[in-house]
Amino acid sequence: MSFHEAIRSALRALRSNLLRSLLTMLGIVIGVSAVIAMVAVGGGAREQVVAQIRSLGANLLQVWPGNISVGGVRLGAGVQNTLTDEDAAAILREVAGVQASAAVIRSGAQLVAMGQNWATVATGVDNGFFEAREWEMESGRLFEADEITRGGQVVILGQTVRQNLFGEADPIGEIIRVRNVPMTVIGVAARKGQSAFGQDQDDTVFVPLQTARLRLAGQNRANGRTVNQIMVKVQDGESLERVQADMRELLRQRHRLQADQEDDFFIRNLAEVAATREASARTLELLLAAVAAVSLIVGGIGIMNIMLVSVTERTREIGVRRAVGARPTDIRSQFLIEATVLALIGGALGVALGFVAAQAVSIGAGWPLLVDAMSVVLAVGVSAAIGMFFGWYPAVRAARLDPVEALRAT
């Protein structure tokens, strides 16, 4: 029997028991669809995490106020600001490998313009912030030097604020009231989107650092030079870990911390955040892979079971084929091809179902969908291998049937 004849015979045998064949394929279908969905959704989720981390800026370190103790009582992180804009300047000046360092002051603000109002966050920065965050301007300009030093009443809008206050109109040159302080719009920042921490990065307005301190942040923060955060961009090719260690040593010296005192600040390495998110995604992928593996094994056992039943039902047919000259290898090949075709059809159906499931998850979760052609080839190849592996024993059993005994079977 030729290969093409064996294929046609296998398809006829499967069609003769269509419902049974479909039920037998079910395990393969579920397993392959899980593999396709796992790769597509997992790849999309990883890509989204990478894009969100990238939107914060490449090679970025964030310095936040840490724990402080008063009379032996630990007040917790962020209770009191322990960072200053002088710290930011010292980091840029004294730590090798730092490209940009920017102090940040944030405070809530109610905005009013063009008969509209919007509650958002006013972010006090200098131009180093935009370099550190790799934040481009869509229109307008950045702050001028004298606006930063004297606290000019100018503002740069984020995309969300611009949309809610001005719609599609050009806001450049318009007057906006930020906590009742009139300011002139000089620019609109490019869209950044959602951060890796689920925040809308475009829902903010940027004002010069001194303006935020004197006019928006309140009397308490106006005393001294304290800031909420320091953004540090590390030069390409430099070790983030080495720069982070040097920054820690410098800040401990500047804050006059003794050797037995803990840091009154903490440094967040966004590369570590990305690694944590990717580890979570890999855990989910391993779980889906386990489900897929179990389903494929169950599907393979189902194929073996149905092929053994088929051998029993077709014993007389096997005897007739042997009587007219079919060799044991022909019988073995026929049943092996039937098992493989069964698994391949199940694999093809699983690929289609996996695409549908991945698309549904992508739409529901808002993740991009990344389909890897190699995963499709691998899934179909694995299904064929399972058909061959679990179909081998029934095929060998059919080939070993005694022709005379097979013809006597009823």
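**Note on salt bridges, a central strand and a bent helix**

1. In this predicted model, Arg225 and Asp85 are joined through their side chains by a salt bridge, with 2.9 Å from N to O. The contact links distant parts of the chain, since Arg225 sits in the loop between helix 8 (219–222) and strand 12 (226–227), while Asp85 belongs to helix 3 (residues 85–94), and the two are 140 residues apart.

2. The two partners of that bridge can also be described by their accessibility. Arg225, at 37% relative accessibility, counts as partly exposed, whereas Asp85, at 13%, counts as buried, because the cut-off for buried is under 20% relative accessible area.

3. Helix 3 contributes a further acidic residue, Asp87, to a salt bridge with Arg254, and here the closest N and O atoms are 2.6 Å apart. Arg254 lies in helix 9 (residues 240–254) and Asp87 in helix 3, so this pair ties together parts of the chain that are 167 residues apart in sequence. Asp87 is buried, with a relative accessible area of 2%, and its partner Arg254 is partly exposed, with a relative accessible area of 30%.

4. Which residues of strand 7 and helix 6 form a salt bridge that ties these parts together? They are Glu138 and Arg162, whose closest N and O atoms are 3.0 Å apart. Glu138 lies in strand 7 (residues 137–140) and Arg162 in helix 6 (residues 159–166), so the bridge connects parts that are 24 residues apart in sequence. Glu138 counts as partly exposed at 47% relative accessibility, and Arg162 counts as buried at 12%.

5. As for salt bridges that share partners, Asp85, Glu86, Arg213 and Arg225 are joined by them into one network. The pair of Asp85 and Arg225 described at the start, with its N to O distance of 2.9 Å, therefore has both of its residues in this network. Across the whole structure, a search finds 15 salt bridges.

6. Strand 10 (residues 181–189) deserves a separate look. Seven of its nine residues are buried, so the strand is largely enclosed by the rest of the structure.

7. Several strands pair with strand 10, among them strand 7, which does so in the antiparallel sense over three bridges. Strand 8 (residues 154–157) pairs with strand 10 in the parallel sense, over four bridges. Gly187 of strand 10 is a useful residue to find when following these pairings, as Gly140 stands opposite Gly187, and Ile156 likewise stands opposite Gly187.

8. Strand 9 (residues 175–178) is also joined to strand 10, with four bridges and an antiparallel course. Within this pairing, Ile176 has Met183 of strand 10 as its bridge partner. The two strands form a hairpin with two residues between them, and in this hairpin Arg179 takes a positive phi near 50°.

9. Helix 13 (residues 373–399) has 27 residues and reaches 37 Å from its first C-alpha to its last, which is close to the 39 Å expected at 1.5 Å a residue. Where does helix 13 bend? The bend, of about 45°, is at Trp392, and a proline, Pro394, follows within four residues.

Key: Residues numbered from 1 in each chain as written. Predicted model: local features only at pLDDT ≥ 70, side-chain atom pairs only at ≥ 80, totals over all residues. Heavy atoms only, no water. Expected span 1.5 Å × (residues − 1). Bend = angle between axes of the 7 residues up to and from the residue. Salt bridge = Lys/Arg side-chain N within 4 Å of Asp/Glu carboxyl O. Buried < 20%, exposed > 50% of the residue type's maximum accessible area, 1.4 Å probe, protein only. Pairing = 2+ DSSP bridges.
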